[in-house]
Amino acid sequence: MKTITVRAGKERSLQKRHPWVFEGSIAKGGADSGELVRVQSVDGAFLGWGAYSPKSAIRVRVWSFDEAERIDAAFFARRIARAIALRKRLVIDSDALRLVHGEADGLPGLVVDRYGDTLVAQFGAAGVERWKKTICEALLGATGLTRLYERSDASVRALEGLPEATGWLAGGGDTALTIREHQWRLSLDVAEGHKTGYYLDQRDNRKRFAEAVRHHGCRRVLNCFSYTGGFSVAALTGGASEVISVDSSAPALARANAHVELNGFEASRHQALDADVNATLRAMIHEGRRFDAIVLDPPKFAPTISHAERAARAYKDINRLGLQLLEPGGLLFTFSCSGGIAPDLFHKIVAGAGLDAGVDGAIIERVAAAPDHPQTICFPEGDYLKGLMILRA
Ligand code: SAH
(Lines give C-alpha, C1' and ligand atoms only; values in the text may rest on other atoms or scores of the structure.)
Protein backbone atom coordinates (compact mmCIF):
# COMPACT_ATOMS: atom_id res chain seq x y z
CA MET A 1 0.00 0.00 0.00
CA LYS A 2 1.45 3.36 -1.01
CA THR A 3 1.33 6.22 1.44
CA ILE A 4 0.79 9.93 0.88
CA THR A 5 1.97 12.19 3.68
CA VAL A 6 0.45 15.66 3.85
CA ARG A 7 2.33 18.71 5.08
CA ALA A 8 1.94 19.83 8.65
CA GLY A 9 -1.32 21.73 9.04
CA LYS A 10 -2.78 20.29 5.83
CA GLU A 11 -4.42 17.43 7.71
CA ARG A 12 -7.07 19.79 9.05
CA SER A 13 -9.35 19.88 6.03
CA LEU A 14 -9.27 16.08 5.87
CA GLN A 15 -10.15 15.88 9.54
CA LYS A 16 -13.15 18.01 8.66
CA ARG A 17 -14.01 15.38 6.04
CA HIS A 18 -13.25 17.50 3.04
CA PRO A 19 -12.38 14.89 0.38
CA TRP A 20 -9.64 16.66 -1.62
CA VAL A 21 -5.86 16.80 -1.17
CA PHE A 22 -4.23 19.42 -3.38
CA GLU A 23 -0.85 18.98 -5.00
CA GLY A 24 0.73 21.65 -2.81
CA SER A 25 -0.45 19.98 0.40
CA ILE A 26 1.58 16.83 -0.13
CA ALA A 27 4.92 16.43 1.68
CA LYS A 28 5.82 13.09 0.16
CA GLY A 29 4.53 10.06 -1.64
CA GLY A 30 3.14 9.16 -5.03
CA ALA A 31 1.32 6.40 -6.87
CA ASP A 32 -0.10 5.41 -10.25
CA SER A 33 -3.19 6.95 -11.77
CA GLY A 34 -6.23 6.00 -9.71
CA GLU A 35 -4.25 3.79 -7.36
CA LEU A 36 -5.49 3.34 -3.80
CA VAL A 37 -3.36 5.24 -1.27
CA ARG A 38 -3.30 5.72 2.48
CA VAL A 39 -3.26 9.41 3.34
CA GLN A 40 -1.54 10.24 6.60
CA SER A 41 -0.34 13.21 8.62
CA VAL A 42 3.35 13.99 9.25
CA ASP A 43 3.22 11.93 12.44
CA GLY A 44 1.80 8.95 10.56
CA ALA A 45 -1.81 9.23 11.76
CA PHE A 46 -4.40 7.84 9.36
CA LEU A 47 -6.45 10.50 7.54
CA GLY A 48 -8.20 8.63 4.75
CA TRP A 49 -8.16 6.09 1.94
CA GLY A 50 -8.03 7.83 -1.40
CA ALA A 51 -7.36 7.59 -5.11
CA TYR A 52 -4.14 9.17 -6.38
CA SER A 53 -4.19 11.27 -9.54
CA PRO A 54 -0.63 12.09 -10.66
CA LYS A 55 -1.58 14.83 -13.16
CA SER A 56 -4.41 16.59 -11.35
CA ALA A 57 -4.11 19.62 -9.05
CA ILE A 58 -6.50 17.60 -6.87
CA ARG A 59 -3.86 14.94 -6.24
CA VAL A 60 -5.93 12.68 -4.00
CA ARG A 61 -9.69 12.28 -3.71
CA VAL A 62 -10.68 10.48 -0.56
CA TRP A 63 -12.88 7.39 -0.74
CA SER A 64 -13.28 6.91 2.97
CA PHE A 65 -12.28 8.50 6.28
CA ASP A 66 -12.82 5.20 8.09
CA GLU A 67 -9.59 3.28 8.58
CA ALA A 68 -11.48 0.00 8.92
CA GLU A 69 -13.22 0.36 5.58
CA ARG A 70 -11.82 -1.68 2.65
CA ILE A 71 -11.98 -0.13 -0.80
CA ASP A 72 -13.22 -3.03 -2.90
CA ALA A 73 -16.23 -4.11 -4.98
CA ALA A 74 -18.41 -4.24 -1.87
CA PHE A 75 -17.44 -0.66 -1.03
CA PHE A 76 -18.66 0.60 -4.42
CA ALA A 77 -21.83 -1.46 -4.16
CA ARG A 78 -22.51 0.09 -0.74
CA ARG A 79 -21.92 3.65 -1.88
CA ILE A 80 -24.12 3.19 -4.96
CA ALA A 81 -26.88 1.57 -2.90
CA ARG A 82 -26.70 4.49 -0.46
CA ALA A 83 -26.97 7.04 -3.29
CA ILE A 84 -29.99 5.26 -4.76
CA ALA A 85 -31.63 4.94 -1.33
CA LEU A 86 -31.30 8.70 -0.84
CA ARG A 87 -33.05 9.35 -4.19
CA LYS A 88 -35.94 7.14 -3.11
CA ARG A 89 -36.55 9.49 -0.18
CA LEU A 90 -36.63 12.60 -2.36
CA VAL A 91 -39.51 14.12 -4.29
CA ILE A 92 -38.46 13.74 -7.91
CA ASP A 93 -41.29 14.25 -10.37
CA SER A 94 -39.59 12.74 -13.38
CA ASP A 95 -38.37 9.44 -14.80
CA ALA A 96 -34.98 11.09 -15.30
CA LEU A 97 -32.76 11.81 -12.33
CA ARG A 98 -29.20 12.02 -11.06
CA LEU A 99 -28.38 8.79 -9.25
CA VAL A 100 -24.80 9.59 -8.29
CA HIS A 101 -23.51 13.13 -7.78
CA GLY A 102 -19.78 12.72 -7.24
CA GLU A 103 -18.28 13.82 -3.95
CA ALA A 104 -21.72 14.40 -2.41
CA ASP A 105 -22.42 10.68 -2.76
CA GLY A 106 -18.97 9.61 -1.57
CA LEU A 107 -17.86 8.71 -5.10
CA PRO A 108 -15.50 11.53 -6.14
CA GLY A 109 -15.56 12.26 -9.86
CA LEU A 110 -18.48 9.98 -10.70
CA VAL A 111 -21.71 11.28 -12.18
CA VAL A 112 -24.51 8.89 -13.08
CA ASP A 113 -27.83 9.99 -14.53
CA ARG A 114 -30.79 7.77 -15.23
CA TYR A 115 -33.04 8.53 -18.20
CA GLY A 116 -35.89 6.05 -18.07
CA ASP A 117 -34.30 2.65 -18.72
CA THR A 118 -30.89 4.06 -19.62
CA LEU A 119 -27.99 4.94 -17.34
CA VAL A 120 -25.40 7.49 -18.42
CA ALA A 121 -22.12 7.70 -16.51
CA GLN A 122 -19.28 10.18 -16.52
CA PHE A 123 -15.97 9.05 -15.04
CA GLY A 124 -14.35 12.38 -14.22
CA ALA A 125 -11.41 11.40 -12.04
CA ALA A 126 -8.57 8.89 -12.03
CA GLY A 127 -10.01 6.90 -9.12
CA VAL A 128 -13.38 6.11 -10.62
CA GLU A 129 -11.69 5.51 -13.99
CA ARG A 130 -9.61 2.75 -12.44
CA TRP A 131 -12.66 1.15 -10.84
CA LYS A 132 -14.87 1.58 -13.93
CA LYS A 133 -15.70 -2.08 -14.44
CA THR A 134 -16.58 -2.63 -10.78
CA ILE A 135 -18.70 0.52 -10.72
CA CYS A 136 -20.58 -0.53 -13.87
CA GLU A 137 -21.41 -3.89 -12.38
CA ALA A 138 -22.60 -2.27 -9.16
CA LEU A 139 -24.77 0.22 -11.05
CA LEU A 140 -26.42 -2.44 -13.20
CA GLY A 141 -26.90 -4.69 -10.18
CA ALA A 142 -28.43 -1.98 -8.01
CA THR A 143 -30.83 -0.65 -10.65
CA GLY A 144 -31.69 -3.87 -12.48
CA LEU A 145 -31.12 -2.00 -15.75
CA THR A 146 -29.15 -3.30 -18.73
CA ARG A 147 -28.24 -0.16 -20.68
CA LEU A 148 -25.28 1.96 -19.56
CA TYR A 149 -23.72 4.62 -21.77
CA GLU A 150 -20.43 6.35 -21.00
CA ARG A 151 -20.03 10.11 -21.49
CA SER A 152 -16.51 10.64 -20.23
CA ASP A 153 -15.92 13.55 -22.59
CA ALA A 154 -15.99 16.46 -20.12
CA SER A 155 -13.03 18.84 -19.93
CA VAL A 156 -12.24 17.63 -16.40
CA ARG A 157 -10.90 14.42 -17.94
CA ALA A 158 -7.99 16.38 -19.42
CA LEU A 159 -7.18 17.85 -15.99
CA GLU A 160 -6.93 14.27 -14.73
CA GLY A 161 -4.72 13.25 -17.66
CA LEU A 162 -7.41 10.92 -18.97
CA PRO A 163 -8.45 10.59 -22.63
CA GLU A 164 -12.05 11.06 -23.69
CA ALA A 165 -14.18 7.93 -23.73
CA THR A 166 -17.74 7.53 -24.96
CA GLY A 167 -19.95 4.62 -25.94
CA TRP A 168 -21.98 1.77 -24.52
CA LEU A 169 -20.50 0.05 -21.48
CA ALA A 170 -23.49 -2.30 -21.26
CA GLY A 171 -26.40 -2.98 -23.56
CA GLY A 172 -26.84 -0.88 -26.66
CA GLY A 173 -29.36 0.41 -29.17
CA ASP A 174 -30.87 3.80 -29.70
CA THR A 175 -29.23 6.73 -27.89
CA ALA A 176 -32.23 8.98 -28.63
CA LEU A 177 -34.65 8.93 -25.70
CA THR A 178 -37.78 10.64 -24.43
CA ILE A 179 -38.25 11.42 -20.77
CA ARG A 180 -41.02 12.84 -18.63
CA GLU A 181 -40.33 15.84 -16.39
CA HIS A 182 -43.34 17.05 -14.38
CA GLN A 183 -46.14 17.08 -16.98
CA TRP A 184 -43.74 17.56 -19.90
CA ARG A 185 -42.24 15.21 -22.39
CA LEU A 186 -38.70 15.99 -23.45
CA SER A 187 -36.31 14.32 -25.85
CA LEU A 188 -32.56 13.98 -25.70
CA ASP A 189 -29.72 12.01 -27.16
CA VAL A 190 -27.36 10.62 -24.56
CA ALA A 191 -24.58 10.34 -27.14
CA GLU A 192 -24.81 13.92 -28.37
CA GLY A 193 -26.39 16.20 -25.80
CA HIS A 194 -24.49 18.45 -23.41
CA LYS A 195 -23.18 16.77 -20.26
CA THR A 196 -25.05 13.46 -20.10
CA GLY A 197 -27.80 14.74 -22.41
CA TYR A 198 -29.95 17.08 -20.34
CA TYR A 199 -29.71 19.59 -17.48
CA LEU A 200 -31.54 17.66 -14.79
CA ASP A 201 -30.47 20.10 -12.06
CA GLN A 202 -32.96 22.75 -13.26
CA ARG A 203 -35.98 20.41 -13.04
CA ASP A 204 -37.70 22.06 -10.09
CA ASN A 205 -36.77 25.56 -11.18
CA ARG A 206 -38.52 24.99 -14.52
CA LYS A 207 -41.67 24.13 -12.62
CA ARG A 208 -41.24 27.19 -10.38
CA PHE A 209 -40.89 29.29 -13.51
CA ALA A 210 -44.12 27.93 -15.03
CA GLU A 211 -45.93 28.78 -11.80
CA ALA A 212 -44.40 32.27 -11.60
CA VAL A 213 -45.21 33.07 -15.24
CA ARG A 214 -48.81 32.13 -14.53
CA HIS A 215 -48.99 33.92 -11.19
CA HIS A 216 -47.55 37.15 -12.53
CA GLY A 217 -49.39 36.93 -15.85
CA CYS A 218 -46.21 37.17 -17.96
CA ARG A 219 -46.98 37.23 -21.69
CA ARG A 220 -43.66 37.91 -23.46
CA VAL A 221 -40.85 35.64 -22.25
CA LEU A 222 -37.18 35.57 -23.23
CA ASN A 223 -35.30 32.36 -22.39
CA CYS A 224 -31.56 33.00 -22.65
CA PHE A 225 -29.13 30.06 -22.87
CA SER A 226 -32.20 27.95 -23.51
CA TYR A 227 -30.47 24.71 -24.54
CA THR A 228 -33.37 22.42 -25.56
CA GLY A 229 -36.05 24.79 -24.28
CA GLY A 230 -36.96 23.40 -20.87
CA PHE A 231 -37.75 26.86 -19.48
CA SER A 232 -39.53 27.76 -22.74
CA VAL A 233 -41.96 24.88 -22.43
CA ALA A 234 -42.43 25.91 -18.80
CA ALA A 235 -43.25 29.48 -19.89
CA LEU A 236 -45.81 28.22 -22.41
CA THR A 237 -47.35 26.07 -19.68
CA GLY A 238 -47.60 29.20 -17.54
CA GLY A 239 -49.61 30.90 -20.26
CA ALA A 240 -46.99 32.98 -22.07
CA SER A 241 -48.15 34.06 -25.50
CA GLU A 242 -44.74 34.68 -27.02
CA VAL A 243 -41.55 32.84 -26.03
CA ILE A 244 -38.11 33.35 -27.52
CA SER A 245 -35.35 30.79 -26.89
CA VAL A 246 -31.81 32.04 -27.48
CA ASP A 247 -28.85 29.67 -27.68
CA SER A 248 -25.69 29.27 -29.73
CA SER A 249 -26.34 25.57 -30.37
CA ALA A 250 -28.44 24.89 -33.46
CA PRO A 251 -29.17 21.23 -32.57
CA ALA A 252 -30.36 22.29 -29.11
CA LEU A 253 -32.69 24.86 -30.65
CA ALA A 254 -34.08 22.34 -33.13
CA ARG A 255 -34.99 20.23 -30.12
CA ALA A 256 -36.50 23.26 -28.35
CA ASN A 257 -38.82 23.74 -31.33
CA ALA A 258 -39.67 20.03 -31.28
CA HIS A 259 -40.43 20.23 -27.55
CA VAL A 260 -42.98 22.98 -28.10
CA GLU A 261 -44.98 20.73 -30.40
CA LEU A 262 -44.33 17.55 -28.41
CA ASN A 263 -46.05 19.24 -25.47
CA GLY A 264 -49.05 20.36 -27.47
CA PHE A 265 -48.31 24.06 -27.90
CA GLU A 266 -48.78 26.08 -31.09
CA ALA A 267 -45.45 26.43 -32.86
CA SER A 268 -46.30 30.09 -33.52
CA ARG A 269 -45.99 30.91 -29.81
CA HIS A 270 -42.28 30.05 -29.87
CA GLN A 271 -39.27 31.39 -31.69
CA ALA A 272 -35.77 29.88 -31.61
CA LEU A 273 -32.87 32.26 -32.09
CA ASP A 274 -29.44 30.82 -32.91
CA ALA A 275 -27.30 33.66 -31.59
CA ASP A 276 -24.94 34.93 -28.93
CA VAL A 277 -26.96 35.98 -25.89
CA ASN A 278 -24.96 39.08 -25.01
CA ALA A 279 -25.19 40.45 -28.57
CA THR A 280 -28.89 39.55 -28.74
CA LEU A 281 -29.69 41.37 -25.50
CA ARG A 282 -27.88 44.48 -26.74
CA ALA A 283 -29.67 44.39 -30.08
CA MET A 284 -33.04 43.97 -28.39
CA ILE A 285 -32.41 46.96 -26.12
CA HIS A 286 -31.44 48.97 -29.18
CA GLU A 287 -34.71 47.94 -30.86
CA GLY A 288 -36.71 48.99 -27.80
CA ARG A 289 -38.01 45.48 -27.12
CA ARG A 290 -39.46 44.65 -23.69
CA PHE A 291 -40.28 41.37 -21.92
CA ASP A 292 -42.44 40.36 -18.98
CA ALA A 293 -40.09 37.57 -17.92
CA ILE A 294 -36.48 36.69 -18.70
CA VAL A 295 -34.43 33.59 -17.84
CA LEU A 296 -30.63 33.84 -17.73
CA ASP A 297 -29.06 30.39 -17.34
CA PRO A 298 -25.54 30.77 -18.75
CA PRO A 299 -22.87 28.06 -18.89
CA LYS A 300 -20.25 27.90 -16.19
CA PHE A 301 -18.41 31.23 -16.60
CA ALA A 302 -16.14 30.41 -13.64
CA PRO A 303 -15.13 26.74 -13.51
CA THR A 304 -12.86 27.48 -10.53
CA ILE A 305 -12.28 30.33 -8.10
CA SER A 306 -9.35 31.56 -10.22
CA HIS A 307 -11.79 32.56 -12.98
CA ALA A 308 -14.14 34.35 -10.60
CA GLU A 309 -13.20 37.94 -11.44
CA ARG A 310 -13.61 37.71 -15.20
CA ALA A 311 -16.73 35.61 -14.74
CA ALA A 312 -18.20 38.21 -12.38
CA ARG A 313 -17.98 40.81 -15.13
CA ALA A 314 -19.70 38.49 -17.61
CA TYR A 315 -22.51 37.73 -15.16
CA LYS A 316 -22.93 41.40 -14.34
CA ASP A 317 -23.14 42.30 -18.03
CA ILE A 318 -25.94 39.91 -18.94
CA ASN A 319 -27.87 40.68 -15.76
CA ARG A 320 -27.67 44.42 -16.42
CA LEU A 321 -28.91 43.89 -19.98
CA GLY A 322 -31.63 41.53 -18.78
CA LEU A 323 -32.89 43.99 -16.17
CA GLN A 324 -32.95 46.76 -18.79
CA LEU A 325 -35.06 44.62 -21.11
CA LEU A 326 -37.65 43.86 -18.44
CA GLU A 327 -40.90 45.72 -18.25
CA PRO A 328 -41.35 47.36 -14.80
CA GLY A 329 -42.87 44.66 -12.61
CA GLY A 330 -41.30 41.99 -14.83
CA LEU A 331 -39.69 38.78 -13.63
CA LEU A 332 -35.99 37.89 -13.87
CA PHE A 333 -34.94 34.31 -13.14
CA THR A 334 -31.15 34.48 -13.08
CA PHE A 335 -28.64 31.70 -12.43
CA SER A 336 -24.99 30.91 -11.95
CA CYS A 337 -23.77 27.32 -12.11
CA SER A 338 -20.16 28.29 -11.32
CA GLY A 339 -18.70 26.61 -8.27
CA GLY A 340 -16.28 29.55 -8.07
CA ILE A 341 -19.09 32.09 -7.53
CA ALA A 342 -20.53 31.75 -4.04
CA PRO A 343 -24.19 32.66 -3.45
CA ASP A 344 -23.38 35.92 -1.65
CA LEU A 345 -21.02 36.96 -4.46
CA PHE A 346 -23.70 36.20 -7.03
CA HIS A 347 -26.14 38.37 -5.11
CA LYS A 348 -23.58 41.22 -5.11
CA ILE A 349 -22.99 40.82 -8.85
CA VAL A 350 -26.71 41.10 -9.55
CA ALA A 351 -26.89 44.09 -7.19
CA GLY A 352 -24.15 45.78 -9.25
CA ALA A 353 -26.06 44.96 -12.43
CA GLY A 354 -29.17 46.60 -10.99
CA LEU A 355 -27.20 49.72 -10.05
CA ASP A 356 -25.73 49.99 -13.55
CA ALA A 357 -29.12 49.40 -15.15
CA GLY A 358 -30.66 52.01 -12.86
CA VAL A 359 -33.37 49.63 -11.70
CA ASP A 360 -34.21 48.05 -8.38
CA GLY A 361 -35.87 44.74 -7.74
CA ALA A 362 -37.11 42.44 -5.02
CA ILE A 363 -35.64 38.96 -4.60
CA ILE A 364 -38.74 36.84 -4.16
CA GLU A 365 -37.04 33.46 -4.19
CA ARG A 366 -33.59 31.87 -3.94
CA VAL A 367 -33.19 28.50 -5.59
CA ALA A 368 -30.56 25.79 -6.05
CA ALA A 369 -30.11 22.52 -7.90
CA ALA A 370 -32.81 19.86 -7.63
CA PRO A 371 -32.33 17.59 -4.58
CA ASP A 372 -31.02 14.64 -6.58
CA HIS A 373 -27.90 16.86 -6.95
CA PRO A 374 -27.27 16.92 -3.19
CA GLN A 375 -24.64 18.82 -1.27
CA THR A 376 -22.91 17.41 1.75
CA ILE A 377 -22.28 19.72 4.63
CA CYS A 378 -18.50 19.11 4.46
CA PHE A 379 -18.06 19.97 0.79
CA PRO A 380 -19.00 23.59 0.02
CA GLU A 381 -17.67 23.23 -3.56
CA GLY A 382 -20.78 21.16 -4.18
CA ASP A 383 -22.91 24.31 -3.95
CA TYR A 384 -22.61 25.17 -7.63
CA LEU A 385 -26.05 26.16 -8.90
CA LYS A 386 -27.74 29.20 -7.43
CA GLY A 387 -30.63 31.21 -8.78
CA LEU A 388 -32.48 34.37 -7.85
CA MET A 389 -36.04 35.09 -8.83
CA ILE A 390 -36.39 38.85 -8.95
CA LEU A 391 -39.36 41.13 -9.52
CA ARG A 392 -38.24 44.33 -11.19
CA ALA A 393 -39.45 47.46 -9.43
N1 SAH B 1 -31.41 26.47 -19.38
C2 SAH B 1 -31.00 25.23 -20.02
C3 SAH B 1 -29.56 24.89 -19.76
C4 SAH B 1 -28.57 25.94 -20.20
S5 SAH B 1 -26.94 25.37 -20.36
C6 SAH B 1 -31.95 24.12 -19.62
O7 SAH B 1 -32.86 24.36 -18.82
O8 SAH B 1 -31.80 23.00 -20.11
C9 SAH B 1 -26.15 26.69 -21.16
C10 SAH B 1 -26.47 26.87 -22.63
O11 SAH B 1 -25.83 28.06 -23.07
C12 SAH B 1 -25.99 25.78 -23.57
O13 SAH B 1 -27.08 25.28 -24.28
C14 SAH B 1 -25.02 26.50 -24.56
O15 SAH B 1 -25.19 26.06 -25.89
C16 SAH B 1 -25.47 27.93 -24.43
N17 SAH B 1 -24.47 28.97 -24.69
C18 SAH B 1 -23.19 29.03 -24.25
N19 SAH B 1 -22.63 30.21 -24.59
C20 SAH B 1 -23.59 30.93 -25.26
C21 SAH B 1 -23.62 32.22 -25.84
N22 SAH B 1 -22.57 33.05 -25.79
N23 SAH B 1 -24.76 32.62 -26.42
C24 SAH B 1 -25.83 31.81 -26.48
N25 SAH B 1 -25.86 30.58 -25.92
C26 SAH B 1 -24.75 30.14 -25.32
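**Notebook: loops, cores and a domain interface**

I began at Y227, which sits in the loop between β14 (220-224) and α7. The model I am reading is a predicted one, and in it the phi angle of Y227 is near 50°, a positive value in a residue other than glycine. I then looked up whether Y227 is buried or exposed, and with a relative accessibility of 9% it counts as buried, because the cut-off for buried is under 20%.

I found a second entry of this kind at H182, whose phi is also near 50° and positive, although the residue is not glycine. H182 belongs to the loop between β12 and β13, and its relative accessible area of 5% makes it buried.

Next I turned to the domains. The assignment for the protein chain lists domain 1 (2-64), domain 2 (73-182) and domain 3 (199-392). For domain 2 and domain 3 I noted a separation of 27 Å between their centres, taken over C-alpha atoms, and a contact set of 18 residues of domain 2 with 13 residues of domain 3. Between them the two domains bury about 1300 Å², of which 64% is on carbon and sulfur atoms. On the side of domain 2, the residues that lose the most area to domain 3 are H101, E181 and H182, which together make up 35% of what that side buries; the H182 of my earlier entry is thus one of these three.

I also looked at the polar side of this interface. One salt bridge is counted between domain 2 and domain 3, and five residue pairs are in polar contact across the interface. The elements α2 (73-88), β7 (96-101) and β8 (110-115) each supply at least two residues of the side of domain 2 that touches domain 3, and β7 gives the most to that side, with four residues. In a separate look-up I found that the side chains of E181 and R206 meet in a salt bridge, at 2.9 Å from N to O.

Which residues have the most contacts inside the largest nonpolar core? I read them as Y115, F209, V221 and F333, in a core of 40 residues. Among the elements that give two or more residues to this core are β12 (176-181), α6 (203-215), α7 (230-237) and β18 (326-336), and α7 gives the most, with five residues. The core draws at least three residues from each of domain 2 and domain 3. I followed F209 further and, leaving aside its neighbours within four places in sequence, found it in contact with residues including V221, F231, A293, L331, F333 and M389. Apart from this core lies another, of 31 residues, among them V246, I294, A308 and I349.

My last entries concern salt bridges, of which the structure holds 27. E35 forms one with K2, the closest N and O atoms being 3.1 Å apart, and this pair links distant parts of the chain, since E35 is in the loop between β3 (26-28) and β4 (36-40) while K2 is in strand β1, 33 residues apart. E35 is buried at 15% relative accessible area, whereas K2 at 34% is partly exposed. The side chains of R208 and E365 meet in another salt bridge, at 2.5 Å from N to O; R208 lies in helix α6 and E365 in strand β19, so the pair ties together parts that are 157 residues apart in sequence. Finally, I noted that E129, K132, E150 and R157 are linked in a network of salt bridges.

Conventions:
Residues are numbered from 1 along each chain as its sequence is written. This is a predicted model: local features need pLDDT of at least 70, side-chain atom pairs count only at pLDDT 80 or more; totals for chains, interfaces and linings use all residues. Side-chain values use heavy atoms; hydrogens and water are left out. A nonpolar core is a set of buried Ala, Val, Leu, Ile, Met, Phe, Trp, Tyr and Cys residues joined through side-chain atoms within 4.5 Å. Buried means under 20% relative accessible area, exposed over 50%, partly exposed in between (1.4 Å probe, protein chains only). Domain bounds come from an automatic or database domain assignment. Contact means heavy atoms within 4.5 Å. Buried area is the accessible area (1.4 Å probe) that two parts lose on being put together, summed over both. A salt bridge is a side-chain nitrogen of Lys or Arg within 4 Å of a carboxyl oxygen of Asp or Glu. A polar contact is a pair of N or O atoms within 3.5 Å; within protein, one must be able to donate a hydrogen and the other to accept it, and residues adjacent in sequence count only if both atoms are side-chain atoms.
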